[in-house]
Amino acid sequence: MSSEQINTKASRTVMIMAITATFASLAFGYDTGVINGALPYMAEPDQLNLTPALEGLVVSAICIGAAFGSALGGRISDILGRKPSLTYLSILFFISTLGCALSINATMIIIFRFTLGLAVGSASTIVPAYLAEIATGNLRGSLVVLMELVIVSGQLLAYIVNAIIAITLGHDPHVWRYILAIAAIPAILLFFGMLINKESPRWLVAKGKTSEALDVLRLTHESEAKAIAELNDIQDLLAEQSIQQNLSFKDFTEPWMKKVLLIGIGVAILQQTTGVNTIMFYGSQILTKSGFSTDAALIGNIGNGIISVIGTLFGFTLVRRLTRRKMLTIGLIGIYLLILVLALFLILWLALQIYHILYYLLQ
């Protein structure tokens, strides 16, 4: 292909590679949302007989594993490559999913939920790196949206599948096993997709495989000239990074680094204290304890998933118009105001219940 020839399939190739990689994000979203519907059934005495403490361990095991996975995933992908790492992740997703579905006691499912968390955490670091490294300038923004959208769509899909299986097979005491087993499908799609996907050109250049990197860039760019220009940019960037001094923990003693670190920790804490994980993991339990039937609770969770998808799309519309700081500020204020309103309604409801009880006692 000469510099004048146009590769009309370049954008399509990038999108196919990106969509294939985001099957890991689909598994990420599905596996974090699926426990919501499975938990009420697996906790039954004739199943895993989970106490509230064990329920908490089953749910949180994936979060603990994700913390380790996110720390290790980037390093592993730097050594093995993005493509092999995502392929191995698909296998880990598959084995862990089947392990959860076939668990015979609480200990077994906690272990497999932890290994599933390793896959989830690794996916959270490897997928965005891979997308950034295969993206061309005109598609980079779209690919960022794609990953986040796929995660929340995976959670919505989990809620929908939970409701469908529970309604149709709710009479079967092992219904929770079917709910969990469905999560193996994204892992299978990721495995076969990565067999045909290409390696990240940036990783190939970093490992001295320049000719292979150029072959990939020829597929993802419209012309030879653009492919070569991108290759030169990658080489210049890697050369610049190679002469930069690596950061150490001592650098965090600098005042400006302390400030950045504290802001990052503070934002992360604020995001978690909004209660998003509580709804995501325990939504069914909360609704059933509030008086809903299990089927109604599972259907109700679908609304939560739909709102998450709509919110993600709305957020990416605003991100082009507002600064990141303003978006975060408005979002957090909105969340805490809504939580306050919800709390006031709950207090009012509780006060009314107490009033009715006292009224009947005094009659």
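**Cavities and salt bridges**

Reader: How do the residues lining the largest cavity divide by class?
Author: The lining of the largest cavity divides into five nonpolar, one polar and two charged residues. A cavity here is a set of points on a 1 Å grid where a 1.4 Å probe fits but cannot get out, and lining residues have an atom within 4 Å of a point. The model is predicted, so local features need pLDDT of at least 70 and side-chain atom pairs pLDDT 80 or more, while totals for chains, interfaces and linings use all residues. Residues are numbered from 1 along each chain, and side-chain values use heavy atoms, without hydrogens or water.

Reader: Which residues are they, and which helices supply at least two of them?
Author: The lining consists of Asp31, Val34, Thr97, Cys100, Arg113, Leu116, Leu180 and Ala183. At least two lining residues come from each of helix H2 (23–42), helix H4 (82–101) and helix H5 (106–134), helices being DSSP runs of at least four residues.

Reader: What volume does it have, and how many cavities turn up overall?
Author: The largest cavity has a volume of about 40 Å³, and a search of the whole structure finds two cavities of 30 Å³ or more. The second largest holds about 30 Å³ of space, and its lining, which includes Glu133, Pro201, His221 and Glu230, has four nonpolar, two polar and two charged residues. H5 and helix H10 (210–220) each supply at least two residues of that second lining.

Reader: Switching to charges, where does Glu133 sit among the salt bridges?
Author: Glu133 is linked with Asp78 and Arg82 in a network of salt bridges, each being a side-chain nitrogen of Lys or Arg within 4 Å of a carboxyl oxygen of Asp or Glu. The structure holds five salt bridges.

Reader: And what does arginine 218 pair with?
Author: Arginine 218 meets aspartate 215 in a salt bridge at 2.9 Å, N to O, and it forms another with glutamate 224, where the closest N and O atoms are 2.8 Å apart. Aspartate 215 and arginine 218 both lie in helix H10, three residues apart, about one turn of the helix.

Reader: Is glutamate 224 buried or exposed?
Author: Glutamate 224 counts as buried at 13% relative accessibility, whereas arginine 218 is partly exposed at 27% (buried is under 20%, exposed over 50%, partly exposed in between, with a 1.4 Å probe).

Reader: Which side chain of opposite charge is nearest to arginine 177?
Author: That is aspartate 172, 7.9 Å away, and arginine 177 is buried yet has no salt bridge. Arginine 177 lies in helix H7 (residues 175–181), and a polar atom of its side chain lies 2.7 Å from the backbone oxygen of serine 103.

Note on methods
On a 1 Å grid over the protein atoms alone, a cavity is a set of points where a 1.4 Å probe fits but cannot get out, and a pocket is an open set with protein on both sides within 12 Å along at least five of seven lines; lining residues have an atom within 4 Å of a point. Grid points are joined across faces, edges and corners, and a volume is the space filled by probe spheres set on the points. Ala, Val, Leu, Ile, Met, Phe, Trp, Tyr, Cys and Pro count as nonpolar, Asp, Glu, Lys and Arg as charged, and the others, Gly among them, as polar. Lys and Arg count as positive and Asp and Glu as negative; His and the chain ends are not counted. A polar contact is a pair of N or O atoms within 3.5 Å; within protein, one must be able to donate a hydrogen and the other to accept it, and residues adjacent in sequence count only if both atoms are side-chain atoms.
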